[in-house]
Amino acid sequence: MQGFRGWLARFRQARSPLGDLARLAADDPAWPDGPDRLQTYTDYMERAGSSSAALQTLIDAWILYASNEEAGPTHAPGRQR
């Protein structure tokens, strides 16, 4: 599993909105596997009737994901390179 869905799966145990989103994605067989664009996931969540808070969590998660992707594989949140 790669891309946003794979990245998100790392947070399934987190007790936070990000963890809630990760569990939602992991438990939903229809959760998109791609294309790996924010619009893919926002479209899906809007069609599913997600709340504005859930959509904001998705956007926040995407920003974190994208910043990690730009930094490269040796960068982890909160860790100096």
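Here are three short exercises, with worked solutions, on a predicted model.

**Exercise 1: the two sides of a helix**

Find which residues of helix α2 are buried, and work out where they sit around the helix.

*Solution.*
- Step 1. Go to residues 17–27, which make up helix α2. Its buried residues are L18, G19, L21, A22 and A25.
- Step 2. Now look down the axis of α2: those buried residues fall within an arc of 160 degrees, so they line one face of the helix.
- Step 3. Flip to the face of α2 turned away from the buried side, and you'll meet the exposed residues P17 and D27.

**Exercise 2: rings that pair up**

Work out how the ring of W7 pairs with the ring of F11, and how the ring of F4 pairs with that of W7.

*Solution.*
- Step 1. Start with the whole structure: a search turns up 10 aromatic pairs. Take F4 and W7, whose ring centres are 5.9 Å apart with planes at 20 degrees; planes under 30 degrees apart count as stacked, so this pair is stacked.
- Step 2. Check where the two residues sit. F4 and W7 are three residues apart in helix α1 (residues 3–9), so about one helical turn separates them. Here's the handy rule: an α-helix has 3.6 residues a turn, so residues three or four places apart point the same way.
- Step 3. Ask about burial. F4 has 0% relative accessibility, so it counts as buried. W7 is buried too, with a relative accessible area of 6%.
- Step 4. Move on to W7 and F11. Their ring centres are 4.8 Å apart and their planes are at 55 degrees, so this pair is tilted. F11 counts as buried because its relative accessibility is 18%, and the cut-off for buried is under 20%.
- Step 5. Zoom out: F4, W7 and F11 belong to one aromatic cluster, along with W31, Y41, Y44, W62 and Y65.

**Exercise 3: the surroundings of M45**

Decide whether M45 is buried or exposed, then list what M45 is in contact with beyond its neighbours within four places in sequence.

*Solution.*
- Step 1. Locate M45 in helix α3, residues 38–47.
- Step 2. Its relative accessibility is 2%, so M45 counts as buried.
- Step 3. Leaving those sequence neighbours aside, M45 is in contact with L21, W31, S50, A54, L55 and L58.
- Step 4. Pick out W31 from that list. M45 and W31 are 14 residues apart along the chain, and 8.8 Å separates their C-alpha atoms.

Key:
Residues numbered from 1 in each chain as written. Predicted model: local features only at pLDDT ≥ 70, side-chain atom pairs only at ≥ 80, totals over all residues. Heavy atoms only, no water. Buried < 20%, exposed > 50% of the residue type's maximum accessible area, 1.4 Å probe, protein only. Helix = DSSP H or I, 4+ residues; strand = E, 2+ residues; numbered from the N terminus. Arc of directions from axis to C-beta. Phe/Tyr/Trp six-rings, centres within 6.5 Å; stacked < 30°, edge-to-face > 60°. Contact = heavy atoms within 4.5 Å.
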